[in-house]
Amino acid sequence: LLKPSYADLFGQLFAPEIWQSQGKLPGLVRLLRAYFAKHVPFGGVLHQSMPLIFERFQQVLGHRKVAGYAMTLLNSIIRLLPFEFYRSHFQAVISLCLAKIEARPGPEMQKDVVIALSLFMHVHRDATVLPATLEQIQPGLFEKFLEQVWLPSTSRLLTLQRRKVCIFGMVRILYCAEVQRKPELLQACCRSLLTLLRIRQGGLSVLMFEELFHGRGLPIFRNNDDLSGGEEYEVSYNRLNHAEQSAAAGPWDLIPEIQDVPAAKAAVRDALAPLRTVIMTTGAIGEALDEVLR
């Protein structure tokens, strides 16, 4: 049974005034994440509260300095709640995110939205849902967003945990019929995945997995990398005994089930196996992907 104290606390989380305080946002998002993680016992309360949750999401998203916390909240929803909890809100949320990108065309919000959608593609394996949702918003929007926002954003990612999310999100993008039936788009997506899987340093190709899971602190900055407020740089948290969450995105691992190199390579290799024939039509890019994942 749900303890009354937990239900009472949950009900108090949505007072508009407490969401107006920037200092309270990290704690509010963390507390909601804790409830989301227990969505089975809290299912009824969460279902009833989804409109309020997305009202607070919209409230925070509308403020430039704290919009990152709204995206952290969205990532928590995507990662921890069944899709049925928020299916009826999904199109509206995507529309809000796209409107935010249009109003604030800088790379940070674009990357935040791409991370959230990559996570959605990874967690909810139906590759038709996101393309269909974007097409409902505007015909041709899925391909346009992929080419103009998604693919360019993956080349700007520096934080390794973000790259991991985009790797597994891009794997699922390759399952989309809209991608497979257009050779140029398929090739661009395969090239993006290949870039995410490895980094360049000193002329040597280094598997992204090696740095991501071994945490050697390899510098991966390039001359033209965009760093806005330090949000894309994070300390190797596995080397610290204590660390405070200093950025909106935080060190929360969005794909905790992948925690070592063999498991990561195997997961990508297995996921791409049914697509091998399709991927190999991209020529040298497909061959390079095949070599990286051996």
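## The overall picture

Let's start with the big view: the protein's secondary structure adds up to 15 helices and two strands. Keep in mind that what you are looking at is a predicted model.

The protein has 294 residues, and buried ones make up 47% of them. Now take the contacts between residues at least 6 apart in sequence: 71% of these join residues at least 24 apart.

## Two helices beside α9

Helix α9 covers residues 160-173, and helix α13 covers residues 261-272. Their axes come within 10 Å and cross at roughly 15 degrees. Angles under 35 degrees count as roughly parallel, so α9 is roughly parallel to α13. The crossing here is left-handed. Which residues meet where these helices pass? From α9 there are I167, F168 and V171, and from α13 there are A264, A267, V268, A271 and L272.

Helix α9 also has α8 (residues 141-154) to deal with: the two axes come within 12 Å and cross at roughly 150 degrees. The cut-off for roughly antiparallel is over 145, so α8 and α9 fall into that group. This crossing is left-handed too. On the α8 side, the residues involved are F142, L146, W150, L151 and T154, and they meet C166, M170 and I173 in α9.

## Aromatic rings

How many aromatic pairs does the structure hold? There are 10. Take Y35 and F42: their ring centres are 4.8 Å apart and their planes sit at 70 degrees, so this pair is edge-to-face. Y35 has a relative accessible area of 4%, so it is buried. F42 comes out at 9% relative accessibility, so it counts as buried.

Now try F90 and F120. The ring centres of F90 and F120 are 4.5 Å apart, with planes at 20 degrees, so this pair is stacked. The pair ties together distant parts of the chain, since F90 belongs to helix α5 (residues 83-103) and F120 to helix α6 (residues 107-123), 30 residues apart. Are F90 and F120 buried or exposed? Both are buried.

Rings can also gather in groups: F10, F14, Y35 and F42 make up one aromatic cluster. And a ring can have a charge for company, as with Y175, where the charged end of R172 sits over the ring, 4.3 Å from its centre.

## Two residues of helix α11

Helix α11 runs over residues 183-197, and S192 is part of it. Is S192 buried or exposed? Its relative accessible area is 8%, and buried means under 20%, so S192 is buried. Leaving out residues up to four places away in sequence, S192 touches L151, T154 and M170. You have met those names already: L151 and T154 are in α8, while M170 is in α9.

Q187 lies in helix α11 as well. With 30% relative accessibility, Q187 counts as partly exposed. Setting aside neighbours within four places in sequence, what does Q187 contact? Its partners are T282 and I285. Then there is G286, which is 99 residues from Q187 along the chain, yet their C-alpha atoms are separated by 8.4 Å.

Notes
Residues numbered from 1 in each chain as written. Predicted model: local features only at pLDDT ≥ 70, side-chain atom pairs only at ≥ 80, totals over all residues. Heavy atoms only, no water. Helix = DSSP H or I, 4+ residues; strand = E, 2+ residues; numbered from the N terminus. Buried < 20%, exposed > 50% of the residue type's maximum accessible area, 1.4 Å probe, protein only. Contact = heavy atoms within 4.5 Å. Phe/Tyr/Trp six-rings, centres within 6.5 Å; stacked < 30°, edge-to-face > 60°. Lys NZ or Arg CZ within 6 Å of the ring centre and 35° of its normal. Axes fitted to C-alpha atoms, helices over the stretch in contact; angles between N-to-C directions. Parallel < 35°, antiparallel > 145°, perpendicular 65-115°, else oblique. Left-handed = near helix turned anticlockwise from the far one by under 90°.
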